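Work through the exercises below with the sequence and the 3D view at hand. Try each task before reading its solution.

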Amino acid sequence: MATGAQDLRRMLDELGRISDERGRLTRTFLSPAMRRANARVATWMRSVGLNVREDATGNLIGRLEAPRSGAKTLLLGSHLDTVRAAGRFDGALGVLLPIVALGELRRRGVALPFAVEVLGFSEEEGVRFSSAYLGSKGYTGQLRAADLKLRDAGGVSVRQAMAAWTRGAPTAELRSAAARAPRPQQWLGYLEVHLEQGPVLEAKRLAVGVVSAIAGQTRGRLTFCGQAGHAGTTPMALRRDAFTGAAEWALAVETLARRSSPLVATVGAVVVAPGAPNVIPGEVVLSLDVRHPDDGARRDALRRLIADAKKIARRRGLTCEWQVTQDNGAVSCSVPFTDLLAQSVRAVQRRSLALVSGAGHDAVVMAALTPVAMLFVRCREGLSHHPDEFASPADLNVALRVIVDFLTRLAGHEKI
Ligand code: HGY
Ligand code: MN
Ligand code: MN
């Protein structure tokens, strides 16, 4: 399998260079780089015998038919979009590894009794529209009107971006005749391979592990409004500075999260308007990302943080407004499906470990419709959402062997 792992590394390196920005990897929803990435991954899909299509949400779908019609379909996939200044493994690993695994089975002459769809979801990170999982929601028919109305920093809505994308689709071969309604009753389940993005596997000296559950997360925007004014002539006592109010709140977010483990809360993006050095900030928009394995605890923390924002605003003569852009409950992975995956993990690395995922994944969306399982791959120092994100060739080889074993094991399963 060493050549398979070498192919996988080469593909990850190549895909990691397809970016919207020079010098760093940023590939957001329906961007020009996404178009190039889909075209490149489509060639790899076709090279192992998959029929390739693209749906109206820009998801890339490679399908391997079963020998007999009416057989169920196993879904394998992850996302092809990235955060800004991303690593080359987050998402891409879960799309490219199944392609290499299917190529390995083809080389061995193994015909699977079920169909397979390899899914390259077009949007999981929620960078462009501040709402995650638009790709897998589109694939599963779960996109809501509110999702389509979301606007990016340039004022373009999701609906407009999707319309522009399908008009520009490269060839008929990549454009599905129509967005196919999902038929979950036809699915065996969804398996996602993903970087752990945390330190546990490294601490346990394990190359891979299985996921028991995925933490719930809420994302949104909090806007503080005050009074813009002249930085030189406005006395400090007369100011209604939106940024200092926002800064006080950001520290309150950190203080609450530090006191309430395993709660995590992050202010990751800040927009200050009008954004000139000699103008007192009149309006500040902050992003908020709150996560917890327990939904009740997450919701309590969110209520507390919004109340703190209102208190700070009142005291400083500001207004504040909260807008939720995403809210997902915690999800448990399918026990039988995960047990089968754990058998393959044990067959390859002798020991299997179950982890809770603090990161969100497309499996959260897929779990609403079909059993889900996830394989985590160790990442160096737990670092992710960073250019230095890294999974070793040896660990990639272990993950590849696990997935080949899993597909072979599932093929022999009486319930197919
Ligand atoms: O943010 C996350 O949890 C994931 O990387 N999308
Ligand atoms: Mn990510
Ligand atoms: Mn990811």
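The exercises cover a helix pair, salt bridges and backbone features.

This is a predicted model, where local features need pLDDT of at least 70, side-chain atom pairs count only at pLDDT 80 or more, and totals for chains, interfaces and linings use all residues. Residues are numbered from 1 along each chain as its sequence is written, chains are lettered from A and ligands numbered from 1 in the order in which they are written, and side-chain values use heavy atoms, with hydrogens and water left out.

**Exercise 1. Describe how helices H10 and H12 pack.**

Step 1. Two packed helices are described by the angle between their axes and the distance between the axes.

Step 2. Find the helices: H10 spans residues 335–349 and H12 spans residues 393–411. Helices (H or I, at least four residues) and strands (E, at least two) are DSSP runs, numbered from the N terminus.

Step 3. The two axes come within 8 Å and cross at roughly 125°. That makes H10 oblique to H12 (under 35 degrees is roughly parallel, over 145 roughly antiparallel, 65 to 115 roughly perpendicular, the rest oblique). The crossing of H10 and H12 is right-handed (the near helix is turned clockwise from the far one by less than a right angle).

Step 4. List contacts (heavy atoms within 4.5 Å). Residues of H10 including Phe-337, Leu-340 and Leu-341 meet residues of H12, among them Val-398, Arg-401 and Phe-406. The residues of this contact of H10 with H12 divide into eleven nonpolar, three polar and three charged.

**Exercise 2. Place three salt bridges and state whether their residues are buried or partly exposed.**

Step 1. Set the cut-off: a side-chain nitrogen of Lys or Arg within 4 Å of a carboxyl oxygen of Asp or Glu. The whole structure holds 25 salt bridges.

Step 2. Take Glu-14 and Arg-40, whose side chains meet at 2.4 Å, N to O. Glu-14 lies in helix H1 (residues 2–15) and Arg-40 in helix H2 (residues 32–47), so the pair ties together parts 26 residues apart in sequence. Glu-14 is partly exposed at 21% relative accessible area, and Arg-40 is partly exposed at 26%. (Buried means under 20%, exposed over 50%, partly exposed in between, with a 1.4 Å probe and protein chains only.)

Step 3. Take Asp-289 and Arg-219, with their closest N and O atoms 3.5 Å apart. Asp-289 sits in strand S12 (residues 283–292) and Arg-219 in strand S7 (residues 216–225), 70 residues apart. Asp-289 is buried at 14%. Arg-219 is buried at 14%.

Step 4. Take Arg-409 and Asp-405, bridged at 2.9 Å, N to O. Both lie in helix H12, four residues apart, about one turn of the helix. Arg-409 is partly exposed at 27%, and Asp-405 is partly exposed at 23%. Both residues also belong to the H12 side of the contact with H10.

**Exercise 3. Which residues are linked in a network of salt bridges with Arg-53?**

Solution. Arg-63, Glu-65 and Glu-117 are linked with Arg-53 in the network.

**Exercise 4. Locate two cis peptide bonds.**

Step 1. One joins Ser-261 and Pro-262, with omega about 10°. Pro-262 is in the loop between helix H8 (242–259) and strand S9 (264–266).

Step 2. Another joins Ala-273 and Pro-274, with omega about 5°. Pro-274 is in the loop between strand S10 (270–273) and strand S11 (279–280).

**Exercise 5. Where does Ala-85 lie, and is this residue buried or exposed?**

Step 1. Ala-85 lies in the loop between strand S3 (73–79) and helix H3 (92–108).

Step 2. At 18% relative accessibility, Ala-85 counts as buried. Its phi is near 55°, a positive value in a residue other than glycine.

Conventions: Axes fitted to C-alpha atoms, helices over the stretch in contact; angles between N-to-C directions. Nonpolar A, V, L, I, M, F, W, Y, C, P; charged D, E, K, R; others polar.
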